[in-house]
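Take a look at the model below. Keep the sequence at hand as you read.

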Amino acid sequence: MHPKPDPVGPGQESVWDYPRPPSADVTPRSVEVVLGGQVVARTTRAARVCETSHPPVFYVPREDVAEGVLQRAEGASWCEWKGVATYWDAVVDGVRHPAVGWSYENPTEGYRHLRGAVAFYPSKLDRATVDGEVVRAQAGDFYGGWITDEVVGPFKGEAGTRGW
């Protein structure tokens, strides 16, 4: 059972209009990730992944992540669309920040352009921005959606949304 979508205002889009399987398009928007008081990633060539009921997720090309910050984390998960996800810790000024992001090192055919790009969990960062707007984290500890003023929900991740 799906909830009633929130009203869409000018310049906004509803996550309930996003496709399933998800879209994944490269965007020229400015994406920045701050952790441990430092900019650890900055790009204008992120992939923006949009899936029904989820806020977008931005995947930063690995070349646009500060060198030496990422270290492979324990565990993996599986996405029915993109394949096996690899998790990443970040080390900034000698401090380890566990499981701050994930990637698809060998994604399925329709998502090859995500290969090696890293998606960061906004909830585990000091700050993430899209075109200068500070991102709000998607609820829950599994999904890593980036909520900005341009997207409306309701969003999967809150208590009681598992069946959406």
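What follows is a walk through this predicted model, from its strands to its rings and then to its pockets.

Begin with an open sheet. It has four strands, in the order β4-β3-β11-β12, and the pairing is antiparallel. Which strands stand at the edges? They are β4, residues 38-43, and β12, residues 133-134. Each has a single partner strand, so one side of each is left without a neighbour in the sheet. Now look at the pair formed by β3 and β4. Strand β3 covers residues 31-35. It runs antiparallel to β4, and five bridges join the two. One contact to find is V34, whose bridge partner in β4 is V39.

Move on to β6, residues 57-60. This strand pairs with β5 in the antiparallel sense, over three bridges. Across that pairing, V49 stands opposite V57 of β6. The two strands form a hairpin with six residues between them. Within the hairpin, S53 takes a positive phi near 80°. Strand β6 also pairs with β10, again in the antiparallel sense, this time over two bridges. Here V60 stands opposite V118 in β10.

What happens to the side chains of such a strand? In a regular strand, side chains alternate between the two faces of the sheet. Are the faces of β6 covered or open? Both are covered. V57 and Y59 lie on one side, F58 and V60 on the other, and all of them are buried.

Y59 leads us to the aromatic rings. The structure holds six aromatic pairs. One of them joins Y59 and Y104. Their ring centres are 6.3 Å apart, with 35° between the planes, and the pair is tilted. Why does this pair matter to the fold's layout along the chain? Y59 lies in strand β6, while Y104 lies in the loop between β9 and β10, so the pair ties together parts that are 45 residues apart in sequence. Both Y59 and Y104 are buried.

A second pair joins W102 and Y121. Their ring centres lie 4.7 Å apart and the planes meet at 50°, so this pair is tilted. W102 is in strand β9, and Y121 is in the loop between β10 and β11, so the pair ties together parts 19 residues apart in sequence. Are these two residues buried or exposed? W102 has 8% relative accessibility, so it counts as buried. Y121 is buried as well, with a relative accessible area of 5%. The cut-off for buried is under 20%. Now put the two pairs together: Y59, W102, Y104 and Y121 form one aromatic cluster.

Charges meet rings here too. K124 lies over the face of Y121, at 4.9 Å from the ring centre. Elsewhere, the charged end of K82 sits over the ring of Y111, 6.0 Å from its centre.

Just after K82 in the numbering comes G83, in strand β8. G83 is buried, with a relative accessible area of 7%. Which residue can you find across from its C-alpha atom? Look for P107. The C-alpha atoms of G83 and P107 are separated by 5.4 Å, yet the two residues are 24 residues apart along the chain.

Now turn to the empty space. Rolling a probe the size of a water molecule over the atoms shows where such space is left. How much space lies in the largest pocket? About 470 Å³. Its lining has 25 residues, and E51, C79, K82, F142 and Y143 lie nearest the centre. Strands β5, β6, β7 and β8 each supply at least two residues of this lining. The largest share, three residues, comes from β7. By class, the lining divides into 15 nonpolar, five polar and five charged residues.

The second largest pocket holds about 240 Å³ of space. Its lining includes G140, D141, F142 and Y143, along with K156, G157 and E158. A159, G160, T161 and R162 belong to the lining too. Which classes make up this lining? There are three nonpolar, four polar and four charged residues. Find F142 and Y143 once more: they line this second largest pocket, and they are among the residues nearest the centre of the largest pocket.

Conventions: Residues are numbered from 1 along each chain as its sequence is written. This is a predicted model: local features need pLDDT of at least 70, side-chain atom pairs count only at pLDDT 80 or more; totals for chains, interfaces and linings use all residues. Side-chain values use heavy atoms; hydrogens and water are left out. On a 1 Å grid over the protein atoms alone, a cavity is a set of points where a 1.4 Å probe fits but cannot get out, and a pocket is an open set with protein on both sides within 12 Å along at least five of seven lines; lining residues have an atom within 4 Å of a point. Grid points are joined across faces, edges and corners, and a volume is the space filled by probe spheres set on the points. Ala, Val, Leu, Ile, Met, Phe, Trp, Tyr, Cys and Pro count as nonpolar, Asp, Glu, Lys and Arg as charged, and the others, Gly among them, as polar. Rings of Phe, Tyr and Trp (its six-membered ring) pair if their centres lie within 6.5 Å; planes under 30 degrees apart count as stacked, over 60 as edge-to-face and the rest as tilted. Buried means under 20% relative accessible area, exposed over 50%, partly exposed in between (1.4 Å probe, protein chains only). A charge sits over a ring if NZ of Lys or CZ of Arg is within 6 Å of the ring centre and within 35 degrees of the ring normal. Two strands pair if DSSP finds at least two bridges between them.
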